[in-house]
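Q: Please take a close look at one helix of this predicted model and at what surrounds it. A connected account in formal terms would be welcome.

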Amino acid sequence: MARNVKPELLVELDLNSPTFQSTWNNLELIEQEKAIATFEKITQLTWNQVYRDKGLKWEKIHSIQAPKGIEVLYSFRVSKSIRGIGFREGHFLRVLLIEPDHDAAYGKK
(Lines give C-alpha, C1' and ligand atoms only; values in the text may rest on other atoms or scores of the structure.)
Protein backbone atom coordinates (compact mmCIF):
# COMPACT_ATOMS: atom_id res chain seq x y z
CA MET A 1 0.00 0.00 0.00
CA ALA A 2 1.27 3.46 -0.87
CA ARG A 3 1.43 5.86 2.04
CA ASN A 4 0.32 9.42 1.60
CA VAL A 5 3.57 11.25 2.26
CA LYS A 6 3.39 15.02 2.06
CA PRO A 7 6.27 16.44 0.05
CA GLU A 8 8.57 18.69 2.02
CA LEU A 9 8.04 22.35 1.26
CA LEU A 10 10.85 24.39 -0.19
CA VAL A 11 12.23 27.24 1.89
CA GLU A 12 10.74 30.65 1.19
CA LEU A 13 12.64 33.85 1.92
CA ASP A 14 11.50 36.98 3.71
CA LEU A 15 13.93 39.83 2.99
CA ASN A 16 11.70 42.63 4.26
CA SER A 17 13.50 43.41 7.52
CA PRO A 18 14.47 47.13 7.59
CA THR A 19 17.92 46.16 8.92
CA PHE A 20 18.39 43.71 6.05
CA GLN A 21 17.27 46.36 3.55
CA SER A 22 19.76 48.92 4.84
CA THR A 23 22.68 46.45 4.90
CA TRP A 24 21.66 45.25 1.43
CA ASN A 25 21.78 48.78 0.02
CA ASN A 26 25.32 49.22 1.36
CA LEU A 27 26.69 46.13 -0.40
CA GLU A 28 28.76 46.43 -3.53
CA LEU A 29 27.02 45.18 -6.67
CA ILE A 30 29.29 42.11 -6.95
CA GLU A 31 28.38 41.12 -3.37
CA GLN A 32 24.68 41.64 -4.09
CA GLU A 33 25.00 39.32 -7.09
CA LYS A 34 26.66 36.63 -4.94
CA ALA A 35 23.93 37.04 -2.32
CA ILE A 36 21.17 36.72 -4.93
CA ALA A 37 22.75 33.47 -6.15
CA THR A 38 22.77 32.13 -2.57
CA PHE A 39 19.17 33.20 -1.95
CA GLU A 40 18.09 31.51 -5.20
CA LYS A 41 19.90 28.35 -4.09
CA ILE A 42 18.14 28.40 -0.70
CA THR A 43 14.70 28.63 -2.33
CA GLN A 44 15.45 25.41 -4.22
CA LEU A 45 16.09 23.52 -0.96
CA THR A 46 13.94 22.00 1.77
CA TRP A 47 14.75 22.87 5.38
CA ASN A 48 16.45 19.50 5.90
CA GLN A 49 18.68 20.26 2.92
CA VAL A 50 19.50 23.73 4.29
CA TYR A 51 20.55 22.24 7.63
CA ARG A 52 22.87 19.73 5.91
CA ASP A 53 24.28 21.96 3.15
CA LYS A 54 28.01 22.32 3.84
CA GLY A 55 28.27 25.47 1.70
CA LEU A 56 25.68 27.36 3.75
CA LYS A 57 27.21 26.43 7.13
CA TRP A 58 23.89 26.90 8.97
CA GLU A 59 24.82 27.59 12.61
CA LYS A 60 22.97 28.54 15.78
CA ILE A 61 24.25 31.83 17.21
CA HIS A 62 24.98 31.65 20.92
CA SER A 63 26.68 35.05 21.32
CA ILE A 64 23.69 37.26 20.38
CA GLN A 65 20.37 37.44 22.24
CA ALA A 66 17.46 36.80 19.89
CA PRO A 67 14.90 39.63 19.62
CA LYS A 68 11.66 39.27 21.59
CA GLY A 69 9.36 36.69 20.04
CA ILE A 70 12.18 34.87 18.22
CA GLU A 71 13.40 31.66 19.82
CA VAL A 72 16.86 31.48 18.29
CA LEU A 73 18.98 33.20 15.63
CA TYR A 74 21.06 31.42 13.04
CA SER A 75 23.85 32.47 10.74
CA PHE A 76 24.52 31.13 7.28
CA ARG A 77 27.10 31.77 4.58
CA VAL A 78 25.94 34.11 1.85
CA SER A 79 29.37 34.42 0.22
CA LYS A 80 32.99 33.93 1.28
CA SER A 81 32.94 37.27 3.07
CA ILE A 82 29.26 37.69 4.02
CA ARG A 83 27.14 35.95 6.65
CA GLY A 84 23.38 36.16 6.88
CA ILE A 85 21.50 36.31 10.17
CA GLY A 86 17.94 35.09 10.40
CA PHE A 87 15.47 32.67 11.88
CA ARG A 88 13.08 29.99 10.76
CA GLU A 89 9.35 30.60 10.97
CA GLY A 90 7.35 27.77 9.46
CA HIS A 91 8.81 27.21 6.00
CA PHE A 92 10.13 30.80 5.84
CA LEU A 93 13.69 31.93 6.39
CA ARG A 94 13.27 35.44 7.73
CA VAL A 95 16.58 37.17 7.03
CA LEU A 96 17.22 39.96 9.51
CA LEU A 97 20.53 41.19 8.16
CA ILE A 98 23.54 40.35 6.09
CA GLU A 99 26.92 41.17 7.55
CA PRO A 100 29.91 41.81 5.27
CA ASP A 101 32.24 41.53 8.28
CA HIS A 102 32.19 37.80 9.13
CA ASP A 103 33.19 38.21 12.81
CA ALA A 104 30.67 41.00 13.42
CA ALA A 105 27.86 38.59 12.50
CA TYR A 106 28.63 36.76 15.74
CA GLY A 107 28.82 39.89 17.88
CA LYS A 108 32.61 39.64 18.23
CA LYS A 109 33.50 43.16 17.14
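A: The account below begins with helix α2 and then turns to its surroundings.

The model is a predicted one. Helix α2 comprises 14 residues, 29-42. At 1.5 Å a residue, a helix of this length should span 20 Å, and the end C-alpha atoms of α2 are indeed 20 Å apart, so expectation and model agree.

The buried residues of α2 are Glu-31, Gln-32, Ala-35, Thr-38, Phe-39 and Ile-42. Because these residues cover an arc of only 120° around the axis, they lie on the same side of α2. The face turned away from this buried side carries Leu-29 and Glu-40, both exposed. The partners of the buried residues come from several elements: they pack against β1 (12-14), α1 (18-25), α3 (47-52), β3 (74-77) and β5 (92-99).

The packing against α1 can be followed through Trp-24. Leaving aside neighbours within four places in sequence, Trp-24 is in contact with Gln-32, Ala-35, Ile-36, Phe-39 and Ile-98. Eight aromatic pairs are counted in the model. One of them joins Trp-24 and Phe-39, with ring centres 6.5 Å apart and 35° between the planes, a tilted arrangement. Trp-24 belongs to helix α1 and Phe-39 to helix α2, so the pair ties together parts that are 15 residues apart in sequence. Both Trp-24 and Phe-39 are buried.

A second tilted pair is formed by Tyr-51 and Trp-58, because their ring centres are 6.1 Å apart and their planes stand at 55°. The two residues of this pair fall into separate exposure classes: Tyr-51, with a relative accessible area of 37%, is partly exposed, whereas Trp-58, at 13%, counts as buried. Tyr-51 and Trp-58 also belong to one aromatic cluster, together with Trp-47, Tyr-74 and Phe-76. In strand β5, which spans residues 92-99, another ring has a charged partner: Arg-94 lies over the face of Phe-92, at 4.4 Å from the ring centre.

The nonpolar cores place α2 in a wider setting. The largest core has 18 residues, and those touching the most other members are Trp-24, Phe-39, Ile-42, Val-50, Phe-76, Leu-93 and Ile-98. At least two residues of this core are supplied by each of α1, α2, α3 and β5. Apart from this core lies another, of seven residues, including Ile-61, Ala-66, Leu-73 and Leu-96.

Two loop residues complete the picture. Thr-46 sits in the loop between α2 and α3. With a relative accessibility of 10%, Thr-46 counts as buried. Not counting residues up to four places away in sequence, Thr-46 touches Glu-8, Leu-9, Leu-10 and Val-11. Lys-57 is placed in the loop between α3 and β2 (59-60). Although Lys-57 is not a glycine, its phi is positive, at about 50°. In contrast to the buried Thr-46, Lys-57 counts as partly exposed, at 38% relative accessibility.

To return to the helix itself, α2 has its buried residues on the same side, and two of them, Phe-39 and Ile-42, are among the core residues that touch the most other members.

Terms used. Residues numbered from 1 in each chain as written. Predicted model: local features only at pLDDT ≥ 70, side-chain atom pairs only at ≥ 80, totals over all residues. Heavy atoms only, no water. Helix = DSSP H or I, 4+ residues; strand = E, 2+ residues; numbered from the N terminus. Expected span 1.5 Å × (residues − 1). Buried < 20%, exposed > 50% of the residue type's maximum accessible area, 1.4 Å probe, protein only. Arc of directions from axis to C-beta. Contact = heavy atoms within 4.5 Å. Phe/Tyr/Trp six-rings, centres within 6.5 Å; stacked < 30°, edge-to-face > 60°. Lys NZ or Arg CZ within 6 Å of the ring centre and 35° of its normal. Core = buried A, V, L, I, M, F, W, Y, C linked by side-chain atoms within 4.5 Å.
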